[in-house]
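Colleague: Could you take me on a close look at one part of this model? I would like to hear about a single helix and what surrounds it.

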Amino acid sequence: MMWYLLLLIPAAILVFLFVIVLRAVNFKPLPQPEISEEEQAFDREKGIENLAELIKCKTVSYRDPEMEDDGEFKKLVELLPSLYPNVFKVCEFKEMTDRGLLFRWKGKNDGDPAVLMAHYDVVPVNEDQWELPAFEAIIKDGCLWGRGTLDTKVTFNGILTAADTLIAKGFTPEHDIYFAFSGGEEVNGEGAVRIVDYFEENSIEPAFVLDEGGAVVENVFPGVSKPCGLIGIAEKGMMDVQYTVRTNGGHASAPKPNGPVDQLAKACVNVLKNPFSAHLTPPVAEMFNTLGRYSSFVYKIIFANIKIFLPVLDMICKKSGGELNALMRTTVAFTQMSGSAASNVIPPEASVVSNIRLNPYDNVDGAMEHLKAAIDNEKVDVSLIHGMNPSRISTTDCEGWEKVSSAVASTWKGCIVAPYLMVQCSDSRHWGRISDKVYRFSAMDLTSEERSTIHGNNERIRLDSVGRTIEFYLRLMEKC
């Protein structure tokens with residue numbers, strides 16, 4: 001009997017290996033979106049000039065409104081009729097509260113309106129660390145330099161330039177197209193919320209909503225060499241949490257055990273040693289199922305048998321961190337610390353702050369429980385500064401997804417279009433309460449270096465990228 005079992009075990013292993021390899025062999029690419037070969041004619045130089053004028057407006061948003069220059073925001077809005085005259089001739093325009101701007105381009109038929117989004121506020125700039133001025137829109141080495149060139153005045157300009165071009169040609173969309181712009185996205189302002197309120201109050205149900213998010217990128221997925229056009233179908237939630245320890249303080253020459261900083265250090269270590277559980281959410285599963293089919297054969301074995309290899313993938317994610325880990329779980333990054341004002345004084349109060357990005361299967365309340373359990377110290381006060389749960393997950397089984405994905409594939413020919421989970425936050429999350437067809441795609445192809453300038457120094461965009469952004473919106477609007 002024993003010899004029989006000894007033969008059975010290797011046979012079972014061979015069958016297992018045969019099955020996972022066979023799955024990998026049959027793990028072939030899925031059908032990609034329809035591609036249009038039609039060329040798009042438009043004034044590329046005018047598109048670049050328009051974007052340059054927007055960049056010159058210092059629409060910097062701050063959490064403290066007193067720090068903002070309201071005149072710069074008004075300057076941008078007042079420029080729009082001269083930059084996009086055809087849009088203002090044909091489209092209805094509303095200035096909403098909290099710097100929301102809403103255009104309606106009336107279509108031939110009622111129902112199924114598209115909503116195209118962008119924000120025109122930008123984050124602050126450390127001017128002395130830039131190679132060129134951040135608000136002069138200088139063109140150098142084939143790039144337009146300035147804060148907001150990538151995030152997101154380029155799409156703001158792309159939408160309006162495309163509409164202006166099509167209107168000049170006499171084009172009218174089949175259904176209404178709304179342009180929904182916010183002037184406070186960077187500080188979680190209410191402009192986008194007010195626009196969603198307007199849609200809800202007027203019972204307007206979008207066919208789809210498109211905001212910033214993914215892009216056409218290379219070398220971001222294991223074993224895939226082709227460019228990938230990533231369209232977000234959900235975004236992670238976000239929390240800021242403060243951890244505080246209070247004591248009587250004292251002189252640093254005679255420290256007692258377990259001072260406030262000591263306890264906080266242990267708390268940080270315990271949180272990092274107890275990461276949140278990994279979850280294979282629908283956006284990530286769809287991404288793996290699409291891009292994994294273009295991987296090298298070793299990676300195909302993993303992605304074709306993802307449920308079997310999930311523990312291995314989880315282990316890799318825990319050790320490597322970075323973007324893949326962020327796709328799989330809720331992440332914690334400690335970002336701020338405060339303690340004593342003097343080096344020889346033990347602080348009576350010390351605190352640290354972490355920024356947490358919530359996986360779609362986690363939520364604010366559950367995350368707070370996880371943190372407290374990991375720290376396991378009642379002397380560490382764990383408090384929520386602010387938080388928002390993950391967005392609703394959008395469907396990819398609808399015409400809205402087909403229109404967006406086809407416009408991506410037609411503009412960046414040869415790229416692999418795939419859903420993904422957006423790890424940052426955007427105004428698009430507010431639309432989840434009225435639609436499950438909310439997509440996130442920043443209409444650009446970006447290198448890793450270019451992505452690093454978003455919210456950083458020397459933000460700039462290649463001039464040819466400005467043109468492709470406009471081309472993308474021309475294709476998309478023609479489908480609406």
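Modeller: Happy to! Please keep in mind that this is a predicted model. Let me take helix α15, which covers residues 463-478. With 16 residues at 1.5 Å each, α15 should span 22 Å, and its end C-alpha atoms lie 23 Å apart, which agrees.

Now for its surroundings. Twelve of the 16 residues of α15 are buried, so the rest of the structure largely encloses this helix. The buried set begins with Ser465, Val466 and Gly467, then takes in every position from Thr469 through Ile470, Glu471, Phe472, Tyr473, Leu474, Arg475 and Leu476 to Met477. Charged residues are included there, namely Glu471 and Arg475. As a general point, nonpolar side chains in soluble globular proteins tend to be buried together.

That brings us to the core. The largest nonpolar core holds 88 residues, and two residues of the helix, Phe472 and Met477, are among those with the most contacts inside it. The others on that list are Leu116, Phe156, Phe179, Phe181 and Leu210. Helix α5 (residues 153-168) is the element that gives the most to this core, with eight residues. Another core lies apart from it; this one has 21 residues, including Phe276, Leu358, Val380 and Val382.

Leu210 is a good place to see how α15 meets its neighbours. Leaving out residues up to four places away in sequence, Leu210 touches Phe472, Tyr473 and Leu476 of the helix. Its contacts also include Val115, Leu116 and Met117, as well as Tyr439, Arg440 and Phe441. Val404 completes the list of residues that Leu210 touches.

Val404 falls within α13 (399-411), and this leads on to a pocket: α13 is one of the elements that supply at least two residues each to the lining of the second largest pocket, along with α8 (282-291) and β15 (416-422). With six residues, α13 gives the most to that lining. The pocket itself holds about 370 Å³ of space. Of its 19 lining residues, Pro31, Pro33, Thr396, Trp401 and Ser405 lie nearest the centre. By class, the lining is made up of seven nonpolar, six polar and six charged residues.

So, to return to your helix: α15 is largely enclosed, with twelve buried residues, and through Phe472 and Met477 it provides two of the residues with the most contacts inside the 88-residue core.

Note on methods. Residues numbered from 1 in each chain as written. Predicted model: local features only at pLDDT ≥ 70, side-chain atom pairs only at ≥ 80, totals over all residues. Heavy atoms only, no water. 1 Å grid on protein atoms, 1.4 Å probe; cavity = no way out; pocket = protein on both sides within 12 Å on 5 of 7 lines; lining within 4 Å. Points joined across faces, edges and corners; volume = space filled by probe spheres on them. Helix = DSSP H or I, 4+ residues; strand = E, 2+ residues; numbered from the N terminus. Expected span 1.5 Å × (residues − 1). Buried < 20%, exposed > 50% of the residue type's maximum accessible area, 1.4 Å probe, protein only. Core = buried A, V, L, I, M, F, W, Y, C linked by side-chain atoms within 4.5 Å. Contact = heavy atoms within 4.5 Å.
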